[in-house]
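Student: I would like to go through this structure by question and answer. Can we start with the ligands and then turn to the cavities?

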Amino acid sequence: MKYGHFDDKNREYVITNPRTPYPWINYLGCEEFFSIITNTAGGYSFYKDARLRRLTRYRYNNVPVDDGGKYFYINENGKVWSPGWKPVKTELDSYECRHGMGYSIIKGEVDQLEAEVLYMVPLGYRGEVQRVKLTNNSDRKRSFSLFSFVEWCLWDALEDNTNFQRNFSTGQVEIVDSTIYHKTEYRERRDHYAFYTVNSKVDGLDTDREAFVGLYNGFDAPDAVMEGKSRNSHAYGWSPIASHHLQIDLEPGEEKQLVFVLGYVEVPVKDKFVGPQVINKAPAEEMIAQFQTPADVDQAFDDLAAFWDKLLSVYQVEHPDEELNRAVNIWNQYQCMVTFNFSRSASFFESGIGRGMGFRDSNQDLIGFVHQVPERARERIIDIASTQFEDGGAYHQYQPLTKKGNDAVGSNFNDDPLWLILSTDEYIKETGDWSILDEMVPFDNDESNTASLFEHVKRSFYHVVNNLGPHKLPLIGRADWNDCLNLNCFSDTPGESFQTTENMEGGVAESVFIAGMFVLYGDAFVKLCQQRGLNSEAEEARGHIEAMKNVVDQHGWDGEWFIRAYDHFGEKVGSDEQEEGKIFVESQGMCIMAGIGLEDGRARKALDSVKERLDCEYGIVLNNPAFTSYIMKYGEISSYPEGYKENAGIFCHNNPWIMIAETLAGNGDAAWDYFRKICPPYLEEISDLHKTEPYVYSQMIAGKDAQKPGEAKNSWLTGTASWNFYAISQYILGVRPDFEGLRINPVIPKDWSGYKVSRKFRGATYQIEVKNPEGVSTGIKDILLNGKKLEGNLLPICEEGSVNEVEVLMG
Ligand code: BGC
Ligand code: NOJ
């Protein structure tokens, strides 16, 4: 069953039934100020850091699941309702939520009175703007009360949730006309406050939660709303909120618009106060002045649309299959931008108070947005590399606010360093900006100890060479890509972290996955050396790579697939010799992407094994057979029930590795089949089962061994977004940036007759039309660039501003 539909023209998903199988959310903001909003107006806002600068409160894992948000209430002669259905849940005559690129529009109608709220974070603005449109669609005069509502968070979301003995006494607000200022802790060390305002005189206000809601009610029936009368409360401690009350009259057919602003302000310490404990409101007033009229909002809305036009125009496909178009052109790219902004911090599965930016996550996320915002990608690479250690190792995470490595999580995830080669390589291929390699970058954020980015990349490479195990395979450390395969952690203590416990001193466990990665990204390193004329450097690296390939041949092949690892006792992990966990997807993907086994049939064999043992109706599971009990020497992977997360769940992140591997093996039909299985728009019809948003990827879909195969979790913030975009745009549709131009190499299902891709690259536009009259999967007969036949498949870099016609004839 569907709960809405795609509106591709407006780049929106339109939800028409508020009772979605889970809250279906959207993200507002793409610079500094962010909000999460659900289809029933739940969610919260923060500035830069979801933990340390949380503006509004949210209770996760609540009952009901999504309670608390940016609510509006209407009370017309005792009939109370909300335009987003929740929290009041009065049946609406019509309901619609349009999640678009950086905004959401929620609309409800009761008895021909319509209320529509546009929620957005304007570009360059430290606040959320809400435009409320009230329309009387009836032929009688209407008089009613409108209430707004937000609940303030006392800034540090973790403290806010835990330290009540203090919190209940600290809350402070100021009120001036229609503006409510939240200034908790401003009197001491904070130099920031928040405000909530409306561009109209109000008939009442509330700033104390208990006064507004009543101690024995929920958000669904606040006392003030039910009685149609604000308490004009002033909060002293407890839980400060902000609510406006406006009495509205509408003639038949009349429409009124109001503009609400929820803003964040920082004030230089010396200017904090204008009187004893009176906060300096000048910066807030300036912000408020920017959004005085609906026309101001319209302008910001148009600017936002133009911003997205530009970002999305870099890569556009035109294909007979509309699901594919909307995935590639709109939602997958949008999700890539969201993962860039949020990493793994704030979603309905990430609390925003836990994780920092992952070293490996952020490097991989980059391959999904580097074409959209190359300057920001450059900055990100430097930030990440700045947390690297001198020996090439890396902090597993760093904090976005300080950009410093996170000591509590530490290092020793031995795949981490290599991902820096991937991001740097992709950045240079996209931009041609070789200067990034000369950028001086600190080790461990110590500005007195720097080296060029090239040197950092080199140390990433040699970190593997310097950390080999008994078979001369890379030591795995705490874990490689699979955080839950903890081969040096033997944990029998409840609650002990699998990620930070490494209690097998001098651990010898080794990873075939990292070996594959080393060959793949080592090769990229060699090419970087060659481009810089460092031939002996390249030769030396080549030697290490050849040696690693030999080791994989000797110790990494199980007969029908690639082994996954060697455990602490030197026994194979992911081998037919084992009872459970005989085969793992990661080493198949990585080794074949590295080209291992492509020439001697092993790659084909491994891919057939994936098909036979790991593939199912909903995607490729991570391992098989699933682990049916806890195995201490393997760690967290076996802590999950069968079919969930890393224990044989469909971990969508590594499905595209297999898609890419299939394209390298020339099998476009298989690659496409895997793509379609997990691509969200194709799952819209099974929304009841799938549960999460049909417009974005989820980290995990329950696998074939699960209780409910096909049910997804952890939507939005996942490396799945970037890897799928990478797989479809570069390997299936086959338009791939390279150092000297755009490489064209489609590997598609045989029954595709053709498609078009428009790609902006290094300032030029390429309008590529692929034709497949003979129904092949791969192979190019001819490429015409502006009518002229091209040798090879590399489109050269064309003049800036030029528009170039490219005809690709497959066969
Ligand atoms: C999850 C992993 C995650 C790790 C670190 C584990 O519980 O299953 O997917 O990467 O925690 O946060
Ligand atoms: C999620 C983590 O963010 C990512 O770094 C890891 O690779 C996967 N889980 C698999 O464990």
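Tutor: What follows is a set of questions and answers on a predicted model.

Student: Which residue gives ligand 2 a backbone N or O atom 2.5 Å from one of its oxygen atoms?

Tutor: Two side chains make polar contacts with oxygen atoms of ligand 2: arginine 360 at 2.8 Å and aspartate 361 at 2.7 Å. Those are side-chain atoms, and the question asks for backbone. The backbone atom, 2.5 Å from a ligand 2 oxygen, belongs to tryptophan 481.

Student: How much of ligand 2 does the protein bury?

Tutor: Ligand 2 on its own exposes 300 Å². Its surroundings include Arg355, Asn482, Asp483 and Gln699. The share buried by the protein is 94%.

Student: How many charged residues are in the shell around ligand 2?

Tutor: The shell includes Arg355, Arg360, Asp361, Asp483 and Glu646. Two other residues are nonpolar and two are polar. The charged count is five.

Student: Which side chain has an N or O atom 2.4 Å from an oxygen of ligand 1?

Tutor: Three side chains come into question. Tyrosine 640 has an N or O atom 2.6 Å from a ligand 1 oxygen, and glutamate 646 has one at 2.6 Å. The 2.4 Å pair involves glutamate 636.

Student: How much of the accessible area of ligand 1 does the protein cover?

Tutor: The residues around ligand 1 include Cys484, Gln499, Glu636, Tyr640 and Lys645. Polar contacts to ligand oxygens come from glutamate 636, tyrosine 640 and glutamate 646. Of the 310 Å² that ligand 1 has on its own, the protein covers 79%.

Student: How many nonpolar residues are in the shell around ligand 1?

Tutor: Among the shell residues are Cys484, Tyr640 and Phe651. By class, five residues are charged and two are polar. The nonpolar count is three.

Student: Now the cavities. What is the volume of the largest cavity?

Tutor: Rolling a probe the size of a water molecule over the atoms shows where empty space is left. The count is eight cavities of 30 Å³ or more. The largest cavity holds about 110 Å³.

Student: Which element supplies the largest share of the lining of the largest cavity?

Tutor: The lining has 13 residues, with Ile367, His371, Glu430, Gln730 and Arg759 nearest the centre. Three elements supply at least two residues each: α10 (416-431), α19 (720-732) and β37 (735-738). The largest share, four residues, comes from α19.

Student: Why is α19 largely enclosed by the rest of the structure?

Tutor: Look at the accessibility of its residues. Buried means under 20% relative accessible area. The helix is largely enclosed because the buried residues of α19 number 13 of 13.

Student: Which residue just after α19 takes a positive phi?

Tutor: The helix runs over residues 720-732, and β37 covers 735-738. The positive phi, about 75 degrees, comes just after α19. The residue is glycine 734.

Student: How many charged residues line the second largest cavity?

Tutor: This cavity has a volume of about 80 Å³. Its lining includes Tyr27, Leu28, Cys30, Val121, Leu304 and Trp308. Nine lining residues are nonpolar and three are polar; the charged count is no residues.

Student: Which element gives the largest share of the lining of the second largest cavity?

Tutor: At least two residues each come from β3 (25-28), α6 (294-312) and α7 (322-342). One of them contributes four residues. That element is α7.

Student: Is threonine 387 buried or exposed?

Tutor: Threonine 387 is in the loop between α9 (374-385) and β24 (397-398). A polar atom of its side chain lies 2.7 Å from the backbone oxygen of isoleucine 384. Its relative accessible area is 0%, so threonine 387 is buried.

Student: Is lysine 270 buried or exposed?

Tutor: Lysine 270 is in the loop between β19 (255-266) and β20 (273-275). Its side chain makes a 3.3 Å polar contact with the side chain of aspartate 271. The cut-off for exposed is over 50%. Lysine 270 has 72% relative accessibility, so it is exposed.

Technical notes
Residues are numbered from 1 along each chain as its sequence is written. Chains are lettered from A and ligands numbered from 1 in the order in which they are written. This is a predicted model: local features need pLDDT of at least 70, side-chain atom pairs count only at pLDDT 80 or more; totals for chains, interfaces and linings use all residues. Side-chain values use heavy atoms; hydrogens and water are left out. A residue is near a molecule or strand if one of its heavy atoms lies within 4 Å of it. A polar contact is a pair of N or O atoms within 3.5 Å; within protein, one must be able to donate a hydrogen and the other to accept it, and residues adjacent in sequence count only if both atoms are side-chain atoms. Accessible areas come from the Shrake-Rupley method with a 1.4 Å probe; for residues, only the protein chains shown count as cover. Ala, Val, Leu, Ile, Met, Phe, Trp, Tyr, Cys and Pro count as nonpolar, Asp, Glu, Lys and Arg as charged, and the others, Gly among them, as polar. On a 1 Å grid over the protein atoms alone, a cavity is a set of points where a 1.4 Å probe fits but cannot get out, and a pocket is an open set with protein on both sides within 12 Å along at least five of seven lines; lining residues have an atom within 4 Å of a point. Grid points are joined across faces, edges and corners, and a volume is the space filled by probe spheres set on the points. Buried means under 20% relative accessible area, exposed over 50%, partly exposed in between (1.4 Å probe, protein chains only).
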